[in-house]
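User: I'd like to learn how to read a fold from a model on my screen. Could you walk me through one?

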Amino acid sequence: MNKKIKFLNLKQINLFFEEELLDAFKEVLHSGWLVLGDNVKKFEENYAKFNETKYCIGVSNGLDALILSLKSLDIKNGDEVIVPSNTYIATWLAVSIVGATPVPVEPDIETYNINPSLIEEKISNKTKAIIPVNLYGQAAKLEEICKIAEKHGIKVIEDNAQAQGAMYKGKKTGSWGHVNATSFYPGKNLGALGDAGSITTNEIKLQEKLVKLRNYGSTKKYYHDIIGHNCRLDELQAAFLNIKLKRLEFFNNKRIQIANVYYDFLKNTGDIILPKIDENATSVYHQFIIRTKLRDQLLNYLSNHGIETMIHYPVPSHLQKAYKRNYKKGDFPIAEEISNTCLSLPINPFLKEDDLEYIIKKIKSFY
Ligand SMILES: Cc1ncc(COP(=O)(O)O)c(C=O)c1O
């Protein structure tokens, strides 16, 4: 029998909520209010509570959440911002879009998160902030990073796009920084049915500024206090997110269960390196990354057996065309090593037991 296992089956995930989503659609349709309304307000309250922060500001997507976070801290042309050398490019792009310079710092080769011991040497008198990314679902060393930032009088912006619900030392990711950005892109652990994102903070001044920044610099129609953007969250996405947020922990636990099966059955398999979770961190396994020198062969073998896998990410940010003027191959060898050897296995919460067994069996038979 020839199996076909999708990397991520969004249709299946969203159909789980079919009735509730259709009801929400009807409610918004009948309300006649489509942008920044009661559903957005409710979602902001719910997500702030979930994320253990005072405020949440719903926005259009994760990249905009990062851009507005940087703007809320007045980061601009001439400033420097520390970013991981290995991340989804949005982290770097946001810094460049506000006119600042991303200053990459290499990750720990076992956890794939930014290595705090390499941060201080990159801090200059232009450095305004650090953006730790909780990559693949695992919390970065957030306490250590916040202490370094405090010592140098710079800000922390968490990029929590991949780790909604993870913790560091028992405290939620997305609650450590001065402002924290997240994405509800459909494939994220908490995914909308289109683009969406949010920013969380405990500081009222930042909340007030962000509410203006996302809406033409305005809180009163046709009165504009600052130069703002249009980065609003719409009512439909907020209504959908309210429904899906209730099940986020349940789905995160499913991901953790699948990860545990991979850990149990893939240990000591060929040259596979399994992801390491920091003793103070938890992961909500947005991705389950294995590393192997035979990555491309394994990817092809699995593909030939109907198993879809992915590479996060095939080209590190510094070697993308967008940044290649500033960098060359070899500048960030750990990011390059991860990029050359990583393979993301299917870990969606609806992955069936026999599909998981099949994936493991095929990986073993490859070796
Ligand atoms: C680490 C990281 N930061 C930022 C983003 C940007 O989010 P969005 O795609 O919603 O703009 C993403 C996801 O796409 C991401 O993975």
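**Reading a sheet, strand by strand**

Analyst: Sure, let's begin with strand E5, residues 155-159, which is mostly covered: 5 of its 5 residues are buried. Keep in mind that this is a predicted model.

User: Which way do the residues of E5 point?

Analyst: The general idea comes first: in a regular strand, side chains alternate between the two faces of the sheet. In this case Lys155, Ile157 and Asp159 point one way from E5, while Val156 and Glu158 point the other way. All of them are buried, the charged-looking names included.

User: What does E5 pair with, and is the pairing parallel or antiparallel?

Analyst: In general, strands pair through backbone hydrogen bonds, either parallel or antiparallel. Here E5 has E4 (residues 127-130) as a parallel partner, joined by 2 bridges. To find that pairing on screen, look for alanine 129 opposite lysine 155. E5 also runs parallel to strand E8 (residues 179-183), with 3 bridges between them. There, isoleucine 157 stands opposite valine 179.

User: How does the chain get from E4 to E5?

Analyst: Follow the chain through helix H6, residues 142-152. That makes a β-α-β crossover, and a right-handed one.

User: Is E8 mostly covered or mostly open?

Analyst: Mostly covered: 5 of its 5 residues are buried. Val179, Ala181 and Ser183 point one way, and Asn180 and Thr182 the other.

User: And which strand runs antiparallel to E8?

Analyst: That's strand E9 (residues 197-201), joined to E8 by 4 bridges. Alanine 181 has isoleucine 199 as its bridge partner in E9. Isoleucine 199 is also the bridge partner of isoleucine 57. That second pairing belongs to E1 and E9, which run antiparallel with 5 bridges.

User: What is the strand order of the whole sheet?

Analyst: Reading across, you get E1-E9-E8-E5-E4-E2-E3, an open sheet of 7 strands with mixed pairing. E1 (55-59) and E3 (101-105) are the edge strands, each pairing on one side only. On average, neighbouring strands are turned by 25° against each other, direction ignored.

User: Which helices lie across these strands?

Analyst: Among them are H3 and H5. Helix H3 (residues 38-50) lies across E1 and E9, at about 130° to E1. Helix H5 (residues 90-97) lies across E2 (80-84), E3 and E5, running at about 170° to E2.

User: Let's zoom out. How is the chain divided into domains?

Analyst: Domain 1 covers 11-245 and domain 2 covers 248-366. Taken over C-alpha atoms, their centres are 24 Å apart. The contact takes 33 residues from domain 1 and 31 from domain 2. On the domain 1 side, helix H1 (10-15), strand E6 (167-168) and helix H8 (235-245) each supply at least two residues. By class, that side has 16 nonpolar, 11 polar and 6 charged residues.

User: Last one: why does isoleucine 363 count as buried?

Analyst: The idea is to count neighbours: a residue is buried if 20 or more other C-beta atoms lie within 10 Å of its own. Isoleucine 363 counts as buried because it has 25 C-beta neighbours inside 10 Å. You'll find isoleucine 363 in helix H12, residues 353-366. Leaving aside neighbours within four places in sequence, isoleucine 363 is in contact with Leu266 and Thr269. For a sense of scale, isoleucine 363 and isoleucine 67 are 40 Å apart in space, C-alpha to C-alpha, and 296 residues apart in sequence.

Methods:
Residues numbered from 1 in each chain as written. Predicted model: local features only at pLDDT ≥ 70, side-chain atom pairs only at ≥ 80, totals over all residues. Domains from an automatic or database assignment. Contact = placed C-beta atoms within 7 Å. Nonpolar A, V, L, I, M, F, W, Y, C, P; charged D, E, K, R; others polar. Buried ≥ 20, exposed ≤ 12 C-beta atoms within 10 Å, placed from the backbone. Pairing = 2+ DSSP bridges. Right-handed = clockwise from strand over helix to strand, strands pointing away. Axes fitted to C-alpha atoms, helices over the stretch in contact; angles between N-to-C directions.
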